[in-house]
Amino acid sequence: MPYSGLGLNGRVALVTGAARGIGRALALGLAQAGADVAVSDLPAHRGGTEETSEEISGLGNIGRAYDLDVLDLENIAGVTGEVVSDFGRLDILVNNAGIRIRKPALEVTERDWDAVIDTNLKGVFFCAQAAARHMISQGSGRIINVASQLAVVARPDRAAYCASKGGVANLTRVLALEWAKYGITVNAIGPGPTTTPGLLEADTRPEQEVEAELLAHMPLGRRMEPEELVGAAIYLASPSAGATTGHLLIVDGGWTAM
Ligand SMILES: NC(=O)c1ccc[n+]([C@@H]2O[C@H](COP(=O)([O-])OP(=O)(O)OC[C@H]3O[C@@H](n4cnc5c(N)ncnc54)[C@H](O)[C@@H]3O)[C@@H](O)[C@H]2O)c1
């Protein structure tokens with residue numbers, strides 16, 4: 001008999017920033033494990049959220065697209081409530097939406113700083129808070145925050161990004177402590193460099209420079225693919241992970257081992 005501890009049948013997941021990249025791969029992966037998925041992203045990415053949710057429906061699960069800007073607290077509360085009313089429950093939140101701005105620290109403006117911290121850290125907190133309010137009444141829940149390997153190590157030109165992801169890692173621990181009594185686990189995944197539209201847009205360095213960085217820091221010797229993060233998310237979302245909380249699960253091709 002197959003091991004059922006990793007199955008997500010009957011579970012409902014909400015994934016932020018799921019029109020493309022890692023969020024899209026995680027939404028599809030959770031659906032492949034059995035979950036119904038609310039696929040959300042900025043209204044400007046509606047085409048992508050609809051495509052992801054149609055692909056989920058094609059798997060025989062329920063997939064629905066939502067416009068959700070994690071900078072907008074009213075929108076967060078509204079969409080979370082809508083998901084609960086559309087699907088009847090909310091079991092899994094994947095806080096994936098995030099941005100990066102690469103700049104030397106001396107050139108970072110207040111606007112750059114606020115954009116990165118508000119999206120990557122404040123957005124994670126308020127989405128988790130909104131989801132937890134529903135999960136508490138169910139007596140269970142799984143919150144998965146997408147941090148980064150840069151939550152624990154540094155790279156130049158990423159002051160706000162590294163601060164935001166380090167913040168997400170420790171926020172994950174605080175929420176895990178506070179919400180364990182409600183049956184809610186809170187964990188984070190720390191991806192290493194992963195080929196996504198957002199990464200390719202931000203990384204305008206010549207190919208040679210990128211390859212030199214990967215050779216120096218990435219034992220895997222290449223960037224990861226978003227699908228290589230799916231197993232970690234399924235595990236953290238699954239019944240198997242009931243005793244795993246406050247953990248940062250680094251999946252970085254060995255970057256932080258060097
Ligand atoms: N790609 C990598 O190498 C890498 C490595 C470590 C961590 N991460 C993290 O993974 C997550 C996904 O990154 P990605 O590489 O897939 O990026 P991406 O840019 O390809 O996708 C991110 C998605 O988030 C959405 N988003 C941005 N701001 C938003 C907002 N205010 N509200 C809702 N959605 C918003 C975007 O519209 C986009 O669809 C991010 O949190 C990122 O920091 C990525």
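**Close-up views of a predicted model**

**Figure 1. Surroundings of helix 5 in the predicted model.** The cover over the buried residues of helix 5 includes helix 4 (110–138), strand 5 (141–146), strand 6 (184–191) and strand 7 (248–251). The residues of helix 5 that count as buried are Ala160, Tyr161, Cys162, Ser164, Lys165, Val168, Ala169, Leu171, Thr172, Leu175, Ala176 and Trp179. Helix 5 comprises 21 residues (159–179), and at 1.5 Å a residue its expected span is 30 Å. The C-alpha atoms at its two ends are 30 Å apart, in agreement with that expectation.

**Figure 2. Residues around the ligand.** The ligand is surrounded by 30 residues, of which Asp41, Asn96, Tyr161, Thr194 and Thr196 are the closest. Tyr161, which is also one of the buried residues of helix 5, places a polar side-chain atom 2.7 Å from a ligand oxygen atom. Thr196 likewise presents a polar side-chain atom, at 2.6 Å from an oxygen atom of the ligand. For Thr194, a backbone N or O atom lies 2.7 Å from an oxygen atom of the ligand. On its own the ligand has 830 Å² of accessible area, and the protein covers 96% of this area.

**Figure 3. Salt bridge between Arg20 and Glu201.** The model holds 13 salt bridges, and one of them joins the side chains of Arg20 and Glu201 with an N to O distance of 3.1 Å. Arg20 belongs to the loop between strand 1 (12–15) and helix 1 (21–32), whereas Glu201 belongs to helix 6 (residues 197–202); the pair therefore ties together parts that are 181 residues apart in sequence. Arg20 is partly exposed, at 30% relative accessibility, while Glu201 is exposed, at 54%.

**Figure 4. Salt bridge between Lys103 and Asp112.** The side chains of Lys103 and Asp112 form a salt bridge with an N to O distance of 2.6 Å. Asp112 has a relative accessibility of 11%, under the 20% limit, and therefore counts as buried. Lys103, with a relative accessible area of 25%, is partly exposed.

**Figure 5. Salt bridge between Arg222 and Glu228, and a salt-bridge network.** Arg222 and Glu228 pair through their side chains at an N to O distance of 2.8 Å. Both residues are partly exposed, with relative accessibilities of 36% for Arg222 and 37% for Glu228. Elsewhere, Arg102, Arg155, Asp203, Arg205, Glu213 and Arg223 are joined into one network by salt bridges that share partners.

Note on methods
Residues numbered from 1 in each chain as written. Predicted model: local features only at pLDDT ≥ 70, side-chain atom pairs only at ≥ 80, totals over all residues. Heavy atoms only, no water. Salt bridge = Lys/Arg side-chain N within 4 Å of Asp/Glu carboxyl O. Helix = DSSP H or I, 4+ residues; strand = E, 2+ residues; numbered from the N terminus. Buried < 20%, exposed > 50% of the residue type's maximum accessible area, 1.4 Å probe, protein only. Expected span 1.5 Å × (residues − 1). Contact = heavy atoms within 4.5 Å. Near = heavy atom within 4 Å. Polar contact = N/O pair within 3.5 Å; in protein donor to acceptor, adjacent residues only side chain to side chain. Areas by Shrake-Rupley, 256 points an atom, 1.4 Å probe, with all protein chains shown as cover.
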